[in-house]
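Subject: Structure for you to look at

Dear colleague,

Please find the structure below, together with its sequence. I would be glad if you could open it first and then read the notes that follow with the structure beside you.

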Amino acid sequence: MIQRYVYGSMIETDTIPVKPEAGKEPLPGFTVDEKEHSFTYLLGKEDRIYGLGENVRGINKRGWIYQSWASDNPDHLEDAVSLYAAHNFLVVDGEERFGLFLDYGGKVTYDIGYTEMNRLTIRVNDFNLDVYRISGDSVLSIVHQFREMIGRSYIPPRWAFGFGQSRWGYVCEADVRQVVRKHRELGLPLDSVYLDIDYMDSYKDFTVNQERFPDLAGLASEMAGQGVHLVPIIDAAIKKEEGYPVSDEGIRKGYFCTDKDGKPFEGAVWPGISLFPDVLNPEVRKWFGSLYKVLLDMGIEGFWNDMNEPSIFYTEASLEAIRTRLMDTVGATPDVNTFFELTGIIREVFQKDEIYDSIYHHVNGKAIRHTDVHNLYGYNMTRAAAEAFETLAKDRRILLFSRSSCIGMHRFGGTWMGDNKSWWSHLALNFRMLPSLNMCGFLYTGADLGGFGSDVTEDLLMRWLELGIFTPLMRNHSALGTREQEAYRFSDLDGFRHVLRMRYVLLPYLYSEYMKAALDNKMLFRPLAFDYPEDHRAQETEDQLMLGDSLMIAPVMQQNARGRMVYLPESMKLFRFSKDGRVLETVLGPGDHYVECELSDVIFFLRPDHLIPVSFGGSCVAEVDFDHVHFLTYPAGNEACYEYYTDDGISRQAAGMRILYRMGEDGEVKALPQ
Ligand code: MIG
């Protein structure tokens with residue numbers, strides 16, 4: 001059951017395609033303080049809080065303050081309160097059980113047992129929002145109802161489930177060719193190479209640097225011949241430059257966000273002083289989306305949208321304030337306090353709230369302060385592209401994912417988890433975000449495998465890939481200046497080859513489960529607590545996840561570990577695939593087990609009377625045989641069935657087949673007649 005509550009009058013977000021009627025009675029269980037702009041709920045001692053999509057900390061969110069405020073925070077530690085996206089959906093599970101969604105584009109603070117351990121206080125910036133309360137008899141039913149309401153999740157082309165190699169630092173054709181050649185020569189599977197900002201001319205969107213990429217269309221088709229897709233980045237900010245058509249036309253037509261006087265707002269990002277397309281305005285969205293055509297026409301079939309929080313390094317005004325402050329120190333003898341103040345002053349300019357306060361959108365003739373809709377920016381940039389693709393690429397799916405997002409964007413594209421670090425703690429953090437993102441409709445997601453910032457180690461990359469083989473987006477990405485982290489840079493080539501190949505072996509299952517999750521509004525990754533709600537140990541397990549109908553995953557996320565403890569809520573069959581071809585299958589009873597997992601081993605667990613369709617792999621998705629699958633099985637006395645979804649992997653309609661496979665008494669798995 002979903003109930004809608006209206007407070008003031010919200011700025012439309014287009015998150016919910018068909019809104020239920022609003023009720024008149026007050027929001028049950030909450031104290032609503034209109035002056036404080038807050039909603040307060042008393043938490044039971046054992047209540048668990050799930051959700052908030054992309055954010056820091058645990059699967060159970062209790063015990064911290066979180067903020068919905070899309071932020072560019074490449075150095076996030078445990079004390080961050082928000083990351084790149086803003087996802088306003090949570091579920092309280094305990095004495096009562098309900099979901100809560102805030103339809104709102106501004107800043108929201110969730111004090112979940114931080115100020116007081118038994119108090120949940122949600123505070124919004126201004127009191128104009130819709131709140132939805134969803135009740136149900138399980139967390140999964142609540143999430144399902146929510147997902148039905150917000151609409152179907154984005155479906156990428158099937159090749160986007162292949163392995164992608166990326167680095168901020170591939171600056172020319174030769175760099176791209178080298179990556180592909182290395183992968184093909186060494187038998188490392190590969191489906192895509194990502195182009196970061198250096199493919200552009202002076203960081204200008206929709207341009208190509210003619211010296212470094214003299215023939216991008218030619219390169220794209222050469223790569224297609226090798227089963228590889230090029231995926232260029234598009235940044236939110238448009239370089240302000242006379243003679244650059246995007247800048248000129250946008251200025252002429254009034255398509256950029258403005259300052260309070262109605263002049264185009266200028267902020268500095270990679271291209272230098274830049275303008276920000278007013279993508280909240282439908283006409284601008286149409287225009288901005290149409291610009292992608294230039295790259296589609298070159299044979300490009302996928303994009304990643306970056307910097308769309310939007311990230312703004314500084315403005316002229318904020319620089320001037322720094323200059324003035326620094327000038328004050330000339331000739332003076334600064335004391336220690338001044339010294340520390342000065343070290344912070346430049347850094348603090350970055351993404352300052354005051355900058356956002358000075359930006360305006362213009363929608364339907366009305367000016368809207370950016371601060372009130374900040375979290376909707378990345379969503380609408382990505383929506384602009386997706387809506388354009390509906391006509392520019394009528395019949396086929398285009399890969400599209402975004403750094404910033406808000407619920408609603410899940411219909412238009414996927415998301416990656418933004419800049420992380422080559423840290424074991426970020427591997428674990430990225431793992432824990434998978435189910436919370438799924439709750440919010442984001443199914444096509446994954447992290448920068450190996451970590452974006454800082455220097456990776458061989459074992460961290462291997463372990464991260466061992467998680468990555470299960471995430472829909474499987475991309476190794478790293479930052480300029482960090483240690484090179486392509487798999488072929490390291491010594492255990494057999495290990496990396498084995499791990500990457502396992503992705504392709506598992507693809508029939510992974511794709512089938514992804515598609516069913518998208519089409520049926522289900523979660524792909526679930527905390528154990530959602531599947532085994534009565535099991536106290538399951539409720540506390542945050543380093544294992546259910547994946548689709550049949551699997552549980554428990555990756556090794558600790559350095560120098562050669563295995564790990566795994567908790568089984570029921571009996572399961574452990575599979576361990578080693579690089580020398582050995583496959584171990586052992587049934588383990590419920591309870592705790594130490595499971596060995598050498599550095600390049602791939603382990604997972606199969607539920608009783610469940611099946612997993614697998615293939616013999618391939619060096620790219622096109623080589624995987626989805627029509628003739630075979631099965632990993634764990635017969636445990638009952639009928640074991642699997643509903644296998646398959647389609648052509650590219651049509652927009654995604655009108656595939658669902659084939660029911662059943663395992664007979666003899667252990668043979670056969671398709672049931674349709
Ligand atoms: O300020 O384009 O998250 O993936 O490599 C950094 C360069 C800008 C941030 C993205 C990252 C990308 C990088 N970008």
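**Cavities**

The second largest cavity has a volume of about 50 Å³, and please keep in mind throughout that this is a predicted model. The residues that line this second largest cavity are Glu 466, Phe 470, Pro 555, Val 556, Cys 597, Asp 601, Val 602 and Ile 603. Sorted by class, that lining has 6 nonpolar residues and 2 charged ones, with no polar residue among them.

The structure as a whole holds 7 cavities of 30 Å³ or more, and the largest cavity contains about 60 Å³ of space. Around the largest cavity you will find Ile 11, Thr 13, Asp 103, Tyr 104, Gly 105, Asp 126, Asn 128, Asp 372, Val 373 and Leu 376. The lining of the largest cavity divides into 4 nonpolar, 3 polar and 3 charged residues.

**Pockets**

The largest pocket holds about 770 Å³ of space. It is lined by 33 residues, of which Asp 72, Asn 73, Pro 74, Phe 350 and Gln 351 are the closest to its centre. If you would like to trace this lining back to the secondary structure, the elements that give two or more residues to it are strand 13 (229–235), strand 17 (302–306) and helix 9 (353–357). By class, the lining of the largest pocket consists of 15 nonpolar, 7 polar and 11 charged residues.

The second largest pocket, in turn, has a volume of about 400 Å³. There are 18 residues in its lining, and those closest to the centre of the pocket are Ile 11, Glu 12, Val 363, Asn 364 and Ile 368. At least two lining residues each are supplied by helix 5 (282–290), strand 19 (366–369) and helix 10 (377–392), and strand 19 provides the largest share, with 3 residues. The lining of the second largest pocket has 9 nonpolar, 4 polar and 5 charged residues. You may notice that Ile 11 appears both in the lining of the largest cavity and among the residues closest to the centre of the second largest pocket.

**The ligand**

Where does the ligand sit? It is found in the largest pocket, where 13 residues surround it, the closest being Asp 196, Asp 306, Arg 403, Asp 419 and His 477. The shell around the ligand is made up of 8 nonpolar residues, 1 polar residue and 4 charged residues.

Three of the contacts are worth looking at one by one. In the side chain of Asp 196, a polar atom lies 2.5 Å from an oxygen atom of the ligand. For His 477, the distance between an N or O atom of the side chain and an oxygen atom of the ligand is 2.9 Å, and for Arg 403 the corresponding distance, again from a side-chain N or O atom to an oxygen atom of the ligand, is 3.0 Å. As for the cover that the protein gives, the ligand taken alone exposes 360 Å², and 96% of that is buried by the protein.

**Two details of the backbone**

Most residues other than glycine have a negative phi, and most peptide bonds are trans. With that in mind, please look at the bond between Glu 309 and Pro 310, which is a cis peptide bond with an omega of about -10°. Pro 310 belongs to the loop between strand 17 and helix 7 (316–329). The other place to visit is Tyr 203, which is not a glycine and yet has a positive phi of about 60°. Tyr 203 lies in the loop that runs between strand 12 (192–195) and helix 3 (216–224).

With best wishes

Key. Residues numbered from 1 in each chain as written. Predicted model: local features only at pLDDT ≥ 70, side-chain atom pairs only at ≥ 80, totals over all residues. Heavy atoms only, no water. Near = heavy atom within 4 Å. Polar contact = N/O pair within 3.5 Å; in protein donor to acceptor, adjacent residues only side chain to side chain. Areas by Shrake-Rupley, 256 points an atom, 1.4 Å probe, with all protein chains shown as cover. 1 Å grid on protein atoms, 1.4 Å probe; cavity = no way out; pocket = protein on both sides within 12 Å on 5 of 7 lines; lining within 4 Å. Sits in = over half its atoms within 2 Å of the grid points. Nonpolar A, V, L, I, M, F, W, Y, C, P; charged D, E, K, R; others polar. Points joined across faces, edges and corners; volume = space filled by probe spheres on them. Helix = DSSP H or I, 4+ residues; strand = E, 2+ residues; numbered from the N terminus.
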